[in-house]
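Hello,

Here is the structure I said I would pass on. My notes follow below it.

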Amino acid sequence: MSGAGVTTGGGSVYPDYDARLVVFSVAIAIDVALISLWLAFRLLDDSVVAKTPQKVISAMIMGLGVSGMHYLGRSATKFVPRLNLPIDSGLTVNPHLSPSGLAIAVGLGTVICLFFIVLTKLWDHKLVNQLAREKVLKDSEQQFRTLIQQMQVGMLLLNAKAEILVFNQAALDLLRLDIEPDSLQVFGEGWHLVMEDGSPISLSDLPVQRAIATGEAVHHLVLGFDDPTTQQRRWLLVNATLHEPGGEVMRVICTISDITNQKQAEEALRRSQERFTLAVEGANDGIWDWDISTDEVYLSPRGKIMFGCQPDLDCFSNLDSALKIVHPDDRLWVKEMLNSYLAKEIPAFDVEYRTELDHGEWRWIRSRGVALWDEHNQPYRMVGFHTDITDRKMAEQALREGAEQERSILQMVQQMRKTLELEQIFSATTGELRQVLNCDRVLVYRFREDWSGEFMAESVAEGWVQLTAGPLRDSKATRIAIEQEKCAFQEINYRHVISDTYLQQNQGGIYGKGVSYRCVNDIYEMGFDACYLELLKQFQARAYIITPIFSGYQLWGLLAVYQNYHPRIWTTAEIRTVTQIGSQLGVAVQQAELLAKTQEQARQLQQAKEIADAANRSKSEFLANMSHELRTPLNAILGFAQLMSTNQNLAPENRQHIEIINRSGEHLLGLINDILEMSRIEAGRATLQVNGFDLYEFLQGLEDLFKLRATSKNLHLIFERPKGLIRHIKADEKKLRQVLINLLGNAIKFTDEGSVTVRVSHQNRDASDLLQFEVEDTGLGIAPEDCEGLFEAFAQTETGLNASEGSGLGLAIAQQFVKLMGDEITVRSCLNRGSTFSFTIPVQRSEDKPNQAIASIMDRVIGLAPKQALYRILVVEDRESNRLLLVELLSVLGFSVRAANNGSEAIAIWQEWNPDLILMDMRMPVVNGYEATRQIRSQPGGRDTVIIALTASAFEEQRQDIMKVGCNDLLRKPFQRGELLSKLSQYLGVEYIYNTQPEMSSNWNYSQETDNI
């Protein structure tokens, strides 16, 4: 509503209001205030950004609103004078209201409205925040309840008063909680809780109460809980975490874990460590721990004591300082062993070494350790034990010394028993005894019949005067204490004769009365008389052991051991050694005296033995020379016969003559071999040469060998062997063949009709394989009186003498061979009905299949296969016939051959021609084959040439000497052509062309085998 202003007569002015404008201005003020308040409260929200611009906008709006309200209010009010106001206008006019008062009234009304609006807004905001927090807390508690029920550890939610609000089943089980509905349980109240050390804990020190009081979380507090149900203590790990959503403690989250098993394991580990420590300390061991990455070394107190350190001080801090206390001779070795172990070159670290203590003592330590490796297979830590093994080492040293002394005693005793010469025995014994005891002087003193004496032997260390040669020979310089009875020695003269008044008058003194020894560690501490001390000074003696030497029950002399420079504490072992040697010397003396009467006879026997040995040597030399002289021409005879037999154009008559030459030569060779073999047997030099071979092929070869001869006499040759007979065996094939060839040859020789049967059977006795051989014939038989000497050398039965064949050595050699193989040949015979020879030998099964002999194949070689290298062969032979034979034989086949007649020429040709193979005769003039082979082998390239020795010796011992000088193999003269070609193929890889038809008849092959026994 609006009205015009009225002016009164008194000049007062009264306002005239425009109600619409007044209301509008008030509305503007209120709206502007609300907008400003909204902006102001919005600024309280932390999520709102850019607060400064909003504050400026809020202030501008507030200013515009107040200004607008003011000017609208003024526009709505018009003022009229009071005197001009109509009396009956109906307006109520406050005579005291002025324009300023009106403005103030309007302003106050606005302010009051705004105050109530602001107060309402603030209360509403606080209420809304409180409700929001309660909702969040309620939701959090609900989530917490849901979460903790699924957890295996105990969970508690508590308020700021440590009252339990929420708990799960695990907490109930752990704490045995019995919380009634609508009641709150304070954490720890009424519980039986103790600290980890077993002491009681107050309520304020409990983790929840401490966290609430300090405002900080409590972690990993271990508490003991006495379970009222089981009456056992349970160990709990407790954590308390604060929940402060509004900056003040609202809730506490407490977790409880049962670590009883862990504590029990820790306790068991602690006890185990205690037991381990006690065991280690009780076992005298020290523990060490080396951190390889930092090179820090820890040593247990016991280990420090072991190394001579105080338990509370550090012996060493790193590896280098630890190695410094190791003996210099052991240090490098210990470090190498450690490095080898860390490099996994050896499976374990276990070393024994010496270490030096502070006072200079060396002790033996045994160190054992194991290392730990990381994922990169690098060692990062190593722990182990030190054991003081000094006592053990000393015991071992004592045992070694004792054993060494025992060995020395045994050696000295053996040395004594090797000879009956007392001078030699005394000389050797004194020297060895001084070395064993490491003393300065050892003497052997002998009593004469009048109980004076003389030195028999002496051994003295370098730098000391020898009593038996030197100034002490002068009687004037050594005559002392003649008048004193207790002085030991009166005089030493140039004949080493000692006049001992005390020993002489008392017939050996204490030693003659059964005292086994006298031991003095220091002559100046024994209270000896001055005369005796003066004599000992002449002896340069300071300590000694003297023991008697008895020959039977008679005191013969004394054995004296002296230490000259300083006193010496003689050990029991040393005293025992001296007394034992004294006893053995007594035995030696007694033996020498007992055998002295037969010395001449012994010399005669020795001379006879020497004569016999000389005769045996002469016999051996004669046989060797005769073997060489006979076999060398035989080599040429048989060799040229074989060479001629290869001629395809040879007339049958000439071929028969050649076969006769071969048979006669082979027969002569067989006789020579028999004599030499018998000589070897008599000399005891026959030995077994075991090799693997095929028994079936062995028997088949024997059957093929004798089949033609048996057929020529209309005899049935039968070989019987059981089914399942072992095939591959190990035995001396050569000797077994010679035995069976001899038995079969005799059986066929002395059987005119019927059969000759060979039986082979297998036996198993005590897990050993035995083969039994029987050769049965239906011949003339052997008379009983002839069976006794059947196997003697050169013995022949009446039937054999009538046959006028053989040397009488075959059966003797066969019997010796069978004895060598482990049995004897037995014979059962009946005159005119036949004989059976049998023997059984042990054999071994062989898994290897031996190669077949190829000598018979090589007999059919007619030349070299094409497309081969030209093989150069050097023949070294002093006999022209043998040299020509080899050159002709090899040249015909296509080899390039050169010849030399001695070792000197052979060396020159080898240097010039460089042959592939040398056939070297071992006995030649100028330079023999041994020296030539040595010189060739010693030169560059000499190892590449194959050297095959040629020898006419039939003795196996010579083979070793030949192989030692560098020969690859050897051929014995006379050798077969096929044997030579086989060797060339073996060492040079030569390939041959063969003739499909054999050159020699079966009869020649037979004679070759049978006569070669």
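**Helix H10 and its surroundings**

H10 has 29 residues, and at 1.5 Å a residue these should span 42 Å; the C-alpha atoms at its ends are 40 Å apart, which agrees. Please keep in mind that this is a predicted model.

The buried residues of H10 are Thr 390, Lys 393, Gly 402, Gln 405, Ser 408, Ile 409, Met 412, Val 413 and Met 416. Their cover includes three strands, E13 (349-356), E14 (362-373) and E15 (379-388). Helices H11 and H15 (572-596) are also among the elements that cover them.

**A surface patch**

Between helix H10 (390-418) and helix H11 (422-437) there is a loop, and Leu 420 is found in it. Is Leu 420 buried or partly exposed? Its relative accessible area is 36%, and a residue counts as buried only under 20% and as exposed over 50%, so Leu 420 is partly exposed. Together with Leu 594 and Leu 595, Leu 420 forms a nonpolar patch on the surface, and the accessible area of the three together is about 260 Å².

**Strand E34**

Strand E34 covers residues 946-951, and 6 of its 6 residues are buried, so the strand is largely enclosed by the rest of the structure. Val 946, Ile 948 and Leu 950 point one way from E34, while Ile 947, Ala 949 and Thr 951 point the other way; both sets are buried.

E34 runs parallel to strand E33 (residues 917-921), and 5 bridges join the two. In one of these pairings, Asp 921 has Leu 950 of E34 as its bridge partner.

Regards

Methods:
Residues numbered from 1 in each chain as written. Predicted model: local features only at pLDDT ≥ 70, side-chain atom pairs only at ≥ 80, totals over all residues. Heavy atoms only, no water. Patch = residues over 30% accessible without salt bridge, like charges linked within 9 Å, V, L, I, M, F, W, Y side chains within 5 Å. Areas by Shrake-Rupley, 256 points an atom, 1.4 Å probe, with all protein chains shown as cover. Salt bridge = Lys/Arg side-chain N within 4 Å of Asp/Glu carboxyl O. Helix = DSSP H or I, 4+ residues; strand = E, 2+ residues; numbered from the N terminus. Buried < 20%, exposed > 50% of the residue type's maximum accessible area, 1.4 Å probe, protein only. Expected span 1.5 Å × (residues − 1). Contact = heavy atoms within 4.5 Å. Pairing = 2+ DSSP bridges.
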